[in-house]
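Colleague: Could you take me through the backbone of the loops in this one, residue by residue? I'd like the odd spots and where they sit.

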Amino acid sequence: MAVWQGLEHRLLTRLDQARLCRRMGRLSSIQGLVLHATGLDVRLGELVDIHPARGGEVVVAEVVGLRSDSTLLMPYGPVDGLCLASGVHARGAPYTVPVGESLLGRVLDATCEPLDDMPAPEGLKRMPRFVAPINPLHRSPINTTLVTGVKAVDVFTPLGRGQRIGIFAGSGVGKSTLLGMMSQYAEADVIVIALIGERGREVGDFIRDSLGPTGLQKAVVIAAAAEQPAVLRRQAAYTATTIAEWFRAQGKHVLLIMDSITRFALAQREIGLSTGEPMGSRGYTPSVFGLLPPLMERAGALSGQGSITGVYTVLVEGDDMNEPVADHMRAILDGHIVLSRNVAARGHWPAIDVLHSISRLTGALHSQEQKGQVERLRSALGCYQNSVDLIELGAYEKGSQPLLDTMIELKPAFDGLLQQTPQEHFPASHTWQAIAQLVQRLDKGVGYAR
């Protein structure tokens with residue numbers, strides 16, 4: 001009897017979940033990137049299947065806008081072969097993200113389809129890509145340092161578990177190399193990497209050279225290259241964040257790397273303009289600045305769970321650090337690392353401008369002694385930078401400023417402290433030992449000059 005009752009319960013559950021009717025419409029117009037359909041009863045963000053009238057592969061599309069007379073769709077793939085006789089079938093549900101342990105070591109696209117020529121991951125469950133905002137009181141304090149193995153970052157812009165920080169730079173200044181170093185050496189349980197809008201060649205180069213086989217073992221890579229539709233480039237950010245959230249819920253400390261958030265914003269701008277949104281500063285639509293804070297706020301450390309430390313690259317247009325996306329991101333994030341083209345031109349790698357970089361959690365992550373040492377070095381380096389033109393012209397007279405005299409002597413040691421090749425990994429103890437020695441030499445030199 002109990003067996004029949006259990007079977008009856010399962011059958012009733014299946015019947016309740018079954019789709020007894022299929023919602024169907026037709027394309028009414030194809031305008032650029034947007035397809036218009038009529039006859040559909042769908043929700044925003046829902047997926048639909050478009051069936052070419054004269055045969056061909058089904059095109060998956062996402063509902064990106066709703067009007068009184070039509071539904072606005074953006075396809076996930078090529079639209080060749082579609083016509084106004086093409087039928088549109090609603091799936092009845094928005095896209096959900098597959099998550100699970102079997103994602104580790106895999107390279108996937110924005111919909112979690114394999115890109116690494118391996119079988120699809122198994123044993124996954126699905127989670128919604130959009131979640132309710134985190135209650136601020138459920139967040140844990142950020143007081144544990146996430147050691148990245150990059151000396152300039154660990155000393156001048158320390159990261160805490162659950163912090164969100166941006167890497168601001170123009171093109172070709174070494175963002176990918178720095179991200180590769182952090183991916184290999186950061187003390188995180190899991191690394192989730194979203195490569196959004198990158199050139200296809202750069203995706204392969206990053207995985208092979210920057211990340212490497214060792215880094216890939218504990219990483220999940222989500223890639224949506226530059227040729228992908230805007231909806232997939234936007235989706236890559238949500239897929240990576242959802243996967244990171246699942247690992248955090250398992251008690252893991254996750255490093256979430258997103259390269260780049262600017263291309264996420266460009267994808268949303270493309271979607272917004274196509275659906276009729278008004279243009280704002282530099283053509284960005286209001287939805288761009290509405291989507292960025294909720295996406296960033298999904299990172300963090302939660303009570304009773306693990307943490308997500310977010311590192312988001314910001315590709316500044318024309319090296320303008322005050323362009324709209326960069327300016328907005330600085331207000332959202334807990335700090336910023338600035339890569340300078342001038343520093344890179346001197347062959348100094350990573351090209352971090354430590355004087356213009358800051359972590360808002362330095363006070364919680366560094367000890368009093370470490371804070372004093374870092375402030376001492378910042379002050380000395382700032383003194384040197386203020387007079388660098390006089391020094392290079394030979395107009396500076398030795399003896400006029402004791403601190404500057406000492407800095408001129410110690411500048412090679414400063415550069416050596418801040419420089420690092422991608423193959424070098426420095427434990428935190430080694431780095432702080434070198435800092436203490438440099439501060440000691442600085443104080444001794446200034447004291448002797450006095």
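Modeller: Sure. When I name a helix or strand, I mean a DSSP run, H or I over at least four residues for a helix and E over at least two for a strand, numbered from the N terminus. Keep in mind that this is a predicted model.

Start with Ser-260, which sits in the loop between β13 (253-259) and α6 (261-274). The peptide bond joining Asp-259 and Ser-260 is cis, with omega at about 5 degrees. Another cis peptide bond links Trp-349 to Pro-350, and there omega is about -5 degrees. Look for Pro-350 in the loop that runs between α9 (341-345) and β17 (358-359).

Next, the phi angles. Asp-117 isn't a glycine, yet its phi is positive, at about 60 degrees. You'll find Asp-117 in the loop between β8 (106-108) and β9 (125-128). Its relative accessibility is 80%, and since the cut-off for exposed is over 50%, Asp-117 counts as exposed.

Then go back to α6, this time for the loop between α6 and α7 (286-297), where Arg-282 lies. Arg-282 isn't a glycine either, and its phi is positive too, at about 55 degrees. With a relative accessible area of 42%, Arg-282 comes out as partly exposed, because that label covers whatever falls between under 20% and over 50%.

So that's two cis bonds, at Asp-259 to Ser-260 and at Trp-349 to Pro-350, plus positive phi at Asp-117 and Arg-282.

Notes: Residues numbered from 1 in each chain as written. Predicted model: local features only at pLDDT ≥ 70, side-chain atom pairs only at ≥ 80, totals over all residues. Heavy atoms only, no water. Buried < 20%, exposed > 50% of the residue type's maximum accessible area, 1.4 Å probe, protein only.
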